[in-house]
Amino acid sequence: MFEYTITATDPNSAARTGIFATPHGDLLTPVFAPVGTQATVKTLTPRDLAEAGATLVLANTYHLYLRPGTGLVRDFGGLHSFMGWPGPLLTDSGGFQVFSLAQMRKVDADGVTFRSHIDGGLHRFTPESAIASQEDLGADIIMCLDECPDPLDRRYNEEALARTHAWAARCQAAQRQPDQALFGIVQGGVFPDLRVESARTLRDMDFPGYAVGGLSVGETKEQMYAMLDVTVPELPAHKPRYLMGVGAPEDIVEGVARGIDIFDCVLPTRVARNGGLLTRQGRLNLRNATYTADPLPGEPGCDCYCCQHFSRAYLRHLFKAEETLALHLATTHNVRFMIRLMDEIRAHIRTGTFMAFRETFLQAYRIPNQAVRHAQRAAHKKQMGAGK
Ligand SMILES: [Zn+2]
């Protein structure tokens, strides 16, 4: 169970392709997982996801624990059956949301107490309860409870790392279901020595896969790439590596070059709902008046249902008129964009041309200003904090 077979390695970088066998199907890596926070990738049915070529979907334990409750999902046969997705699923432990969304939190050695962002109710997660919740949900890949500190705060990262490692051991001991792959999570902020220490500690616990957490949360891209450079070489080569919460196209290309196999991010779906289409040239904002009478599809050459049937002018009209179809069509395109990107990345790794592809891709892809991205993220966090 959970065999990871490496099928090709790039001679000029740490990129590799592989097959990760899960109870609900084989994952071809590198793979991108669209995020279905509330057991749904917003605006898409599982049929849409399958049509887009998605293989792995992520759901958030924190949200499902609060509503409808993980016990209810268990009573419906688990998350696969409850949400009607037959393929591989991944759940996080809920830790990240507790540390980013919950209104109040108090961490101690045993766990974390917090108030729900929905109704202010008091709750507590421990390593054991995080595993129990994820066993109720029944995803193929599950995560250890970890603490996610401000990546720039050295003292806090040192304290949190000790807890994260102790919790990882307790999560491992608490696991009862052998058909779920429990991944350890490397933390350590932007501090190379802490990242190395974390990777080595978790490596010795022998997890079936490893995640790199606590990145893309306020540090610069250069800091994020530097942390991957020091962390990945410390992880065992024959286990999958998952970069949590990272999914900007340019970060995926850079992550793959550094040996990452699994990615997830709300970015493609959230950007879509804001009227943004991902293209190889960068983001195209449908709210921009330039597209009022533009007959071209969202991204010329794309094989998705949206691009095959509709003009930018029509999509812009739907956004302006606040029609819900706008959200569905833009999301359809952006998810397909990500899946096609991953298909292409795997093909280039197999043929040994990944580094040339990376250069071409990064030259063409206009990267949004980091300040703008951080402001958008902060605005979203505030909105979620207000329980909207
Ligand atoms: Zn498309």
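Select helix α14 and helix α15, residues 354-364, in this predicted model. The two pack with their axes 8 Å apart, at an angle of about 140 degrees. An angle of that size makes α14 oblique to α15, since only angles over 145 count as roughly antiparallel. Now show side chains. On α14, pick Leu 341, Glu 344, Ile 345, His 348 and Ile 349. Opposite them on α15 sit Phe 354, Phe 357 and Phe 361. Colour this contact by class: six residues are nonpolar, one is polar and one is charged.

**Next: α10 against α14**

Keep α14, residues 324-351, on screen and add α10, residues 249-257. How close do the axes of α10 and α14 come, and at what angle do they cross? They come within 11 Å and cross at roughly 25 degrees. That angle makes α10 roughly parallel to α14, because angles under 35 degrees fall in that class. Look down on the pair: the crossing is right-handed.

Show the side chains here too. From α10, select Pro 249, Ile 252, Val 253 and Val 256. They meet Phe 337, Met 338, Leu 341, Met 342, Ile 345 and Ile 349 of α14. Colour by class again: this contact has ten nonpolar residues, with no polar and no charged ones. Leave Leu 341, Ile 345 and Ile 349 highlighted for a moment. These α14 residues take part in the contact with α10, and they also appear in the contact with α15.

**Next: the zinc ion**

Stay with α14 and centre on the zinc ion. Which protein atoms are its donors? They are SG of Cys 302, SG of Cys 304, SG of Cys 307 and ND1 of His 333. Draw the distances: the donors lie 2.1 to 2.3 Å from the ion. The angles among the four donor atoms run from 96 to 121 degrees, and the site is tetrahedral.

Now trace the donors along the chain. Their spacing in sequence is C-x1-C-x2-C-x25-H. Cys 307 lies in helix α12, residues 305-309, while His 333 lies in α14. The two are 26 residues apart, and the pair links distant parts of the chain.

**Next: α6 against α7**

Move to α6, residues 127-137, and α7, residues 154-174. Their axes come within 8 Å and cross at roughly 45 degrees. The two helices are therefore oblique to each other. The crossing of α6 and α7 is right-handed.

Select Pro 127, Glu 128, Ile 131 and Glu 135 on α6. Their partners on α7 are Trp 167, Arg 170, Cys 171 and Ala 174. By class, this contact has five nonpolar, no polar and three charged residues.

**Last: three backbone stops**

Go to Pro 30, in the loop between β3 (25-29) and β4 (31-34). Is the peptide bond from Thr 29 to Pro 30 cis or trans? The bond is cis, with omega near 0 degrees.

Then jump to Pro 68, in the loop between α2 (61-66) and α3 (70-75). A cis peptide bond joins Arg 67 to Pro 68, and its omega is about 10 degrees.

Finish at Ser 216, in the loop between β12 (209-212) and α9 (221-231). Check the backbone torsion: phi of Ser 216 is near 60 degrees. That is a positive value in a residue other than glycine.

Technical notes. Residues numbered from 1 in each chain as written. Predicted model: local features only at pLDDT ≥ 70, side-chain atom pairs only at ≥ 80, totals over all residues. Heavy atoms only, no water. Axes fitted to C-alpha atoms, helices over the stretch in contact; angles between N-to-C directions. Helix = DSSP H or I, 4+ residues; strand = E, 2+ residues; numbered from the N terminus. Parallel < 35°, antiparallel > 145°, perpendicular 65-115°, else oblique. Left-handed = near helix turned anticlockwise from the far one by under 90°. Contact = heavy atoms within 4.5 Å. Nonpolar A, V, L, I, M, F, W, Y, C, P; charged D, E, K, R; others polar. Donors = N, O, S within 2.8 Å, 3.2 Å for Na, K, Ca; no water. Tetrahedral: all angles 85-135°; square planar, octahedral: opposite > 155°, others 65-115°.
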